[in-house]
Amino acid sequence: MANGDRVIWLHAASLGEYEQAVPILEQLRTDYKAHKILLTFFSPSGYEIKKNTPLADVVTYLPLDTQRNAKQFIGIVKPELAIFVKYEFWPNYLYVLKKSKVHTVLISGVFRTSQPFFKFYGSWMKKSLEAFNHFFLQNYSSLENLKKLGFDNAIVSGDTRFDRVSRQLSYDNTLPFITEFKKQETLLVCGSTWPEDIDLLADFINSSNQMKTVIAPHKIDKERIEVLQNAITNKSVLYSEYQKGATLDVDVLIIDAIGFLTKIYAYADLAYVGGAAGTTGLHNILEPATFGVPIITGSQISKFPEAQDLRKLAGLFTVSSHEEAHEILNQLVIDKSFREKTGMIAGHFISENTGATQQICDYLKNQTLTA
């Protein structure tokens, strides 16, 4: 960036927060062509994967939150607008932004009473929230919690991830190798799985002859893939083996590559989303839901309001044992009517929760930036 550039700065902690920011970044690219977009990350999981994204002009790590770093960074960047995602609160940066009178907003914000703001020792963190001109929140519980702190410059706009995933319906999701593998059979897609997820699923996958299964593990290093292969006794093949000429006339296809999962969900009749059987954290349930797919996960979803909401609507089921997993999976495979009804609930859940991006961008046009 050069002196005189008009800069919009967006900060995302990691890859998950980046995904929430994508619809906003896309709209900013369209609405503010004269501006440069600076994207910063805290975690390597975001920076390493998205350092070359075309949605930003500069991508870098955010320096540690010290008074000196914050003053230098903001003094060099001179942003016209600062956008933070979900629950990124850096007191020194927020202090300098407020002092510099930089318009600052939080998008897809979440406030829980377990956060430092609500503790006896959190007054200094609470004060940093004064830097935000506006809060765009995911849910009403966050709004109520924020009001307890004395802030009313907020609205519930929803989670921008709903906008992100809903756009997938307009893309070309064709994967010829999945078409060849699935044929006309019912397809279970197990996405972003960890070993504890496979522990829940293996018995059902190995005993079922009424469906096909795609497993896309979260980690695809050689050792983990070998452990996964050993757990699956049904005839299986790796995607890398298929690329070398192996047949897809098998029961289980293991995706030992990245970049396919979202499109694979478009072929699913039911989906298991990994991460909630242990402590690693539930992965993205919205991707399969946008295709109208019934979802099963592990039981550890307390920190994932979208999963809790969808479970209340009966579009998602949680399991904590082999028996529970076998029961619901078997019902979804055998009972087509039940499967389709559940999938319809998931699809409607997505469509009814879109629109956060438009609300945020309308605000920016009316309150802050000029194109």
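The following questions and answers go through a predicted model, from its overall dimensions to single residues.

Student: What radius of gyration does the protein have, against the value for a compact globule?
Tutor: The C-alpha atoms fill a box of roughly 65 × 45 × 35 Å along the principal axes. For 371 residues, a compact globule would have a radius of gyration near 21 Å. The value for the protein agrees with this: 22 Å.

Student: What share of the contacts between residues at least 6 apart in sequence joins residues at least 24 apart?
Tutor: The protein has 17 helices and 14 strands, and 53% of its 371 residues count as buried. Among contacts between residues at least 6 apart in sequence, the share that joins residues at least 24 apart is 65%.

Student: Is strand β4 largely enclosed or open, and how many of its residues are buried?
Tutor: Strand β4 covers residues 79-85 and is largely enclosed by the rest of the structure. This follows because the number of buried residues, out of 7, is 6.

Student: Which strands pair with β4, and in which sense?
Tutor: Strand β1 (residues 6-12) pairs with β4 over 5 bridges, and L10 stands opposite I83 in β4. Strand β5 (residues 103-109) is joined to β4 by 5 bridges, with A82 opposite T104 in β5. The partners are thus β1 and β5, and the sense is parallel.

Student: Which handedness does the β-α-β unit of β4, α4 and β5 have?
Tutor: Helix α4 spans residues 91-99. Together with β4 and β5, this helix makes a β-α-β unit, and the unit is right-handed.

Student: K86 and K183 have positive phi values; is each of them buried or partly exposed?
Tutor: K86 is in the loop between β4 and α4, with phi near 70 degrees; its relative accessible area is 15%, and the cut-off for buried is under 20%. K183 is in the loop between α8 (176-182) and β8 (187-193), with phi near 55 degrees. The relative accessible area of K183 is 45%. So K86 is buried, and K183 is partly exposed.

Student: How many residues does the second, separate nonpolar core have?
Tutor: The largest nonpolar core has 40 residues, and F177, I178, V214, L253, I255 and I285 have the most contacts inside it. Leaving out residues up to four places away in sequence, I285 touches V273, I295, T297, E306, A307, L310 and L316. The second core is separate and includes A70, F84, V102 and F135; its residue count is 31.

Student: Which class of aromatic pair do F317 and F338 form: stacked, edge-to-face or tilted?
Tutor: The structure holds 25 aromatic pairs. In this one the ring centres are 5.9 Å apart and the planes are at 45 degrees. Planes under 30 degrees apart count as stacked and over 60 as edge-to-face, so the angle falls into the remaining class. The pair is tilted.

Student: Which secondary structure elements does that pair link?
Tutor: The two residues are 21 apart in the chain, and the pair links distant parts of it. F317 counts as buried at 19% relative accessibility. F317 belongs to strand β14 (residues 316-319) and F338 to helix α16 (residues 336-351), so the elements, by DSSP runs, are β14 and α16.

Student: Which residues form one aromatic cluster with W9?
Tutor: One of the members is F84, which also belongs to the second nonpolar core. The residues in the cluster with W9 are F73, F84, F89, Y93, F111, F117, F118, F132, F135 and F151.

Terms used
Residues numbered from 1 in each chain as written. Predicted model: local features only at pLDDT ≥ 70, side-chain atom pairs only at ≥ 80, totals over all residues. Heavy atoms only, no water. Phe/Tyr/Trp six-rings, centres within 6.5 Å; stacked < 30°, edge-to-face > 60°. Helix = DSSP H or I, 4+ residues; strand = E, 2+ residues; numbered from the N terminus. Buried < 20%, exposed > 50% of the residue type's maximum accessible area, 1.4 Å probe, protein only. Core = buried A, V, L, I, M, F, W, Y, C linked by side-chain atoms within 4.5 Å. Contact = heavy atoms within 4.5 Å. Pairing = 2+ DSSP bridges. Right-handed = clockwise from strand over helix to strand, strands pointing away. Rg over C-alpha atoms; globule rule 2.2 N^0.38 Å.
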